[in-house]
Amino acid sequence: MLGRANKGNHMKLTSIGKFLDQPLLSNTLSRKMPNILIASAFAYGLKDTFSRSKEERKNAAIKNFIILSSIVTATLFCAKNIKIKGEKLIDTIPKKQILNKQREAIDNFIQENIIGSDIKKILNKAKNKMLNLKETDSLLKGIKGQKNSENLISTLFVAKENITSDKILQEIAKLSIMGFIPVASGIAGGMAADKITGNLTKEKATDKIKEGIYQFFANIFLCNVGAGAFLFTAEKLNKAGIIKNLTPLKKTGVILSGILAVGVFGGSRIANFIGNNFINPIINKCAKNKNTGKQEERKPEALDIALHTDDIATAGVLSGVKWIEPLLPVMYLVSGYRAAIGYRNNNADTKLDKAGIH
């Protein structure tokens with residue numbers, strides 16, 4: 001009985017994975033990403049504005065509009081125009097192309113096999129629309145073992161790639177640029193907002209840059225580096241015979257381990273080290289700040305830990321799970337906003353003070 005239950009659970013997990021791997025799902029999310037990002041920014045700005053007292057809301061609304069519109073505009077422009085080795089940061093295959101490929105595979109499969117009316121109904125739906133989870137599960141069970149079923153499955157559901165460290169470098173470049181854009185545009189938008197509302201000071205400008213550097217390294221870049229470094233090391237150990245059977249599933253585990261070790265657990269320490277020893281002294285000197293040798297510690301907080309949710313998503317993207325990729329700009333929006341307000345918890349009493357509302 002237990003064996004049957006485990007087998008059933010495994011089948012359900014497989015069905016969930018295949019359901020999420022539909023090219024039409026990734027395509028839909030890619031096409032809807034601009035609307036999702038704009039709606040998320042609008043909701044975030046609205047919530048933040050109305051959390052202020054009535055006296056503060058006007059300035060808060062102006063700041064939020066400038067900051068969030070800067071991040072959204074820069075993200076959408078770069079996602080559309082920047083390419084890495086010929087691929088856009090978020091590449092969208094035309095829906096018509098996907099459907100034509102699916103229709104051809106379905107027609108060929110139906111001609112070569114005798115199938116029940118329920119399975120045929122599901123296949124006919126797949127010619128034009130995305131399947132739901134129940135339909136996915138039924139289809140996988142119904143065509144199992146039939147002629148050319150593997151070809152049909154790899155067409156309707158994206159086949160997992162055997163990710164290598166060479167391939168992952170290209171993905172890391174894309175993800176790092178995708179994370180850098182909202183942070184850089186957040187800093188620029190934050191300075192513009194302070195300038196327009198008459199709150200821009202030298203201290204606030206330098207804090208925005210320092211916070212942006214922390215957000216990029218601690219919450220974005222180092223996670224990508226950890227993933228690539230751990231997979232590269234695992235491949236070398238595999239080649240030397242020290243570890244064996246480096247399957248795609250094990251590679252996903254290695255990638256996630258690298259993200260957790262270097263990004264989540266070590267990200268804050270490494271980001272503070274880079275800031276204090278290389279970047280902050282230059283910023284302080286250029287801004288002619290006093291105490292240019294002072295060590296600053298940006299302590300990780302609950303929200304910073306929450307931001308590492310995007311690292312789990314990053315692990316998925318690096319492992320070949322494509323439907324997550326269009327959602328990353330929404331997750332990086334928060335890092336861009338924190339950079340924009342120049343939040344530094346080592347020398348700030350409240351977020352409102354650093355945002356220049358008071």
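The following paragraphs describe the fold, helix packing, aromatic pairs and selected buried residues of a predicted model.

Taken as a whole, the chain has 358 residues, of which 47% count as buried. Its secondary structure comprises 15 helices and 2 strands. Contacts across the sequence were then considered. Among contacts in the chain with a separation of 6 or more, 78% come from residues 24 or more positions apart.

One helix pair serves as a convenient place to begin. Helix H10 spans residues 248-265 and helix H11 spans residues 267-286; the two pack with their axes 4 Å apart and at an angle of about 50°. H10 is therefore oblique to H11, since this angle falls neither under 35 degrees nor within the range of 65 to 115 that counts as roughly perpendicular. On the H10 side, the contact is made by Val262, Gly263, Val264 and Phe265, and these meet Gly267, Arg269 and Ile270 of H11. By character, the residues of this contact divide into 4 nonpolar, 2 polar and 1 charged.

Gly267 of this contact also offers a link to another part of the chain. Tyr214 and Gly267 are 53 residues apart in sequence, yet their C-alpha atoms are 9.0 Å apart in space. Tyr214 belongs to helix H9, which covers residues 202-239. With a relative accessibility of 3%, Tyr214 counts as buried, because the cut-off for that class is under 20%.

Aromatic rings were examined next, and the count comes to 5 aromatic pairs. In one of them, the ring centres of Phe216 and Phe217 are 5.6 Å apart and the planes stand at 75°, so the pair is edge-to-face. Phe216 also pairs with Phe221: here the centres are 5.5 Å apart and the planes lie at 20°, so this pair is stacked. The contrast follows from the plane angles, because those under 30 degrees count as stacked and those over 60 as edge-to-face. Ring pairs link Phe216, Phe217 and Phe221, together with Phe180, into a cluster. Burial within this group is mixed. Phe216 is buried at a relative accessible area of 13%, and Phe217 is likewise buried at 18%. Phe221, in turn, is partly exposed, with a relative accessible area of 26%, because this value lies between the 20% limit for buried residues and the 50% limit for exposed ones.

A charged side chain also deserves a look. Lys174 sits in helix H8, which runs over residues 165-196. At a relative accessibility of 2%, Lys174 counts as buried. Leaving aside residues up to four places away in sequence, Lys174 touches Ile84, Glu87, Lys88, Leu89 and Glu325. The partners of Lys174 thus include Glu87 and Glu325, which count as charged because Glu belongs to that class.

Cysteines complete the survey. A search of the whole structure finds 0 disulfides; in other words, no pair of cysteine sulfur atoms lies within 2.5 Å. Two cysteines may be noted for their burial. Cys78 is buried, with a relative accessible area of 14%, and Cys223 is buried as well, at 1%.

Notes: Residues numbered from 1 in each chain as written. Predicted model: local features only at pLDDT ≥ 70, side-chain atom pairs only at ≥ 80, totals over all residues. Heavy atoms only, no water. Axes fitted to C-alpha atoms, helices over the stretch in contact; angles between N-to-C directions. Parallel < 35°, antiparallel > 145°, perpendicular 65-115°, else oblique. Contact = heavy atoms within 4.5 Å. Phe/Tyr/Trp six-rings, centres within 6.5 Å; stacked < 30°, edge-to-face > 60°. Buried < 20%, exposed > 50% of the residue type's maximum accessible area, 1.4 Å probe, protein only.
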